Amino acid sequence: MDIQAGRIRQGPIAAIAAFLAFALALPASAAPAFDVNPLSQGLEHPWSIALGPDGQLWVTERPGRLQRIDPESGEKTRISGLPDIRARAESGLMGLALDPDFAGNGALYLCYSTGSMLNPGNRLSRFTVNGDEVGDEKILIDDMPGAMWHNGCRVEISPDGFLFASMGDATEADEAQNPRALAGKIFRLNRDGSIPADNPDPTSPVWSIGHRNPQGLAFRPGDGSLWSTEHGPDTQDELNKIEKGGNYGWPRCRGINACGNLPSYHPAAAEFTRDGTIAISDLIFYKGAAFPEWQDDILFVALKTGRLYRVQLDGDKVTSHEILIDDSFGRLRDIAEAPDGSLYLATDNGEDQILHLVPK
Ligand SMILES: [Ca+2]
C-alpha cells in the first residue's frame, strides 16, 4: 500500500502505472489443459536447452556437462571434449546455441565461466561437434568479467544469423554503464566472432548497456525484435525489448518507470514485482500449433517462484500475464519449444529433470 500511495503522490503518470501494475496481476484467461511429464532425470542444474535439427535435445548442465537427450526415450549421451570450466555458485557451463547450419557444420556456441575464484572470467566460444565429442574451440569473446553471481551467459542466434550473448555485471554494478567494459551488456557478433559493421560501435561487440544480469534472450517472429529477461536486485525483475545502442538503466534506474535524463534509456516492458523478485529466467515466443491461444505470446520461467508465465502483448505493450505452472516442480531454469508445439522445461533444484509439457 505504501508503494501505491507513493505513486499517487507522483502524479497522474504514476497513477496510470499503478493501475497497469494492478491490471497486469489479473489472469488473462483460464489455462488450457496440459500435462507435464518427466522426460529425462538424473540431471544437475540443466541451464540451457536447444532443439537440434537432428531432432535431439542439447542440454548444458552448470557443473560442466553437455548432454544430448533423445526426446523419445529420454536417454542421455554425454558429450566429451569440453574445456576446463569454473563451476561455483551461479557460475559454470551456461548458454548454448546451435548454429543455423548445425546439420551441415556441427557448430555450436557455449558461454561458460573460466579462471578461478581469485581470477574469475566468462567466455563465449564456438565449437564443432563430431560424434559424441566437441572440439575445435574458437574463442569469440574472452575475459568477460566473472564472479560467483551475475554471470549472464544466455546465447541466442537472431533470425538474420547474428550471434547474441548476454553478460551480467559480475557484481560490479557501475561497470554496466561503462560502454567499454564487458560487464552488464548484451553483445552482437557475426558467427565467426568478427564484429558486424553496423554495431553501435563497429569496433565493439556491445549491442546494449545497463544490464544487471540478463539471463533470457528470444527473438519475436514477425519483426525479429530481441527481448530479454533480466534479474532485478531485491525487486523488479524485468522483461525488456532490446534496442540497438539502448541503455537499460542498471544501476541508476530499474523497472518500468521513466528515468531522469539517462541517454537512450528504455524502461522495462514489464516488471515482476515491486514486492520482491521472482528470479526471472529464460523466455521464448510461442509459435506452435499445440496451443493455438498462446501463439505469439511470451512464455518464460522463473527460479524463485517455480513458475511458468504466459505474457500477452499488443505490439510492444504487455497487456496481461497469467501463471500456467505454479511451483509444481520447484525452480525452473529454461524453456524450449518442440517442432510440434509441445514444450520442454528444465528444473533447477540440484537433482533435476527435463519436463515435457503436452496438450491433455
Ligand atoms: Ca532496466
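A residue is called buried when its relative accessible area is under 20%, exposed when over 50% and partly exposed in between, with a 1.4 Å probe and protein chains only. The model on display is predicted: local features need pLDDT of at least 70 and side-chain atom pairs count only at pLDDT 80 or more, while totals for chains, interfaces and linings use all residues. Residues are numbered from 1 along each chain as its sequence is written, and side-chain values use heavy atoms, with hydrogens and water left out.

**Stop 1: Phe 164 and Trp 207**

Select Phe 164, which counts as buried at 4% relative accessibility. Add Trp 207, also buried, with a relative accessible area of 11%. Aromatic rings of Phe, Tyr and Trp (its six-membered ring) pair if their centres lie within 6.5 Å; planes under 30 degrees apart are stacked, over 60 edge-to-face and the rest tilted. Here the ring centres of Phe 164 and Trp 207 are 5.8 Å apart and the planes stand at 90 degrees, so this pair is edge-to-face. Phe 164 belongs to strand E11 (residues 163-167) and Trp 207 to strand E13 (residues 206-209), so the contact ties together parts that are 43 residues apart in sequence. Strands (E, at least two residues) and helices (H or I, at least four) are DSSP runs, numbered from the N terminus.

**Stop 2: the cluster around Phe 34**

The structure holds 12 aromatic pairs. For another of them, select Phe 34 and Phe 291: their ring centres are 6.5 Å apart with planes at 90 degrees, so this pair is edge-to-face as well. Phe 34 lies in strand E1 (residues 34-43) and Phe 291 in the loop between E18 and E19, so parts 257 residues apart in sequence are tied together. Phe 34 is buried at 14% relative accessibility, and Phe 291 is buried at 2%. Extend the selection to Tyr 286 and Trp 294, which form one aromatic cluster with Phe 34 and Phe 291.

**Stop 3: the sheet E18 to E21**

Next, display the open sheet of four strands in the order E18-E19-E20-E21, with antiparallel pairing. Two strands pair if DSSP finds at least two bridges between them. The edges are strand E18 (280-285) and strand E21 (317-326), each pairing on one side only. From one strand to the next, the twist averages 25 degrees; the axes are lines fitted to C-alpha atoms (for helices over the stretch in contact), and angles run from 0 to 180 degrees between N-to-C directions. Within this sheet, strand E19 (residues 298-302) and strand E20 (residues 307-314) run antiparallel and are joined by four bridges. Val 301 has Leu 308 in E20 as its bridge partner.

Which residue's side chain does the side chain of Asp 297 contact? Asp 297 is found in the loop between E18 and E19 and counts as buried at 5% relative accessibility. Its side chain makes a polar contact with the side chain of Arg 310 at 2.6 Å. A polar contact is a pair of N or O atoms within 3.5 Å; within protein, one must be able to donate a hydrogen and the other to accept it, and residues adjacent in sequence count only if both atoms are side-chain atoms.

**Stop 4: the sheet E6 to E9**

A further open sheet has four strands in the order E6-E7-E8-E9, again with antiparallel pairing. Strand E6 (93-98) and strand E9 (133-145) stand at the edges with a single partner strand each, so one side of each is left without a neighbour in the sheet. The twist averages 25 degrees from one strand to the next. E6 is joined by four bridges to strand E7 (residues 107-115), and the two run antiparallel. Label Leu 96, which stands opposite Leu 110 in E7.

**Stop 5: the calcium ion**

Centre the view on the calcium ion, whose protein donors are Glu 238 (OE), Glu 238 (OE) and Tyr 248 (O), lying 2.3 to 2.5 Å from it. Glu 238 lies in strand E16 (residues 237-242) and Tyr 248 in the loop between E16 and strand E17 (270-272), so the pair ties together parts that are 10 residues apart in sequence. Donors are N, O and S atoms within 2.8 Å of the metal (3.2 Å for Na, K and Ca); water is not among the atoms, so sites may look incomplete. Glu 238 is buried at 4% relative accessible area, and Tyr 248 is buried at 1%.

**Stop 6: Asp 334**

Finish at Asp 334 in strand E22 (residues 332-337). Asp 334 counts as buried at 1% relative accessibility, and its side chain reaches the backbone nitrogen of Ile 49 at 2.7 Å.
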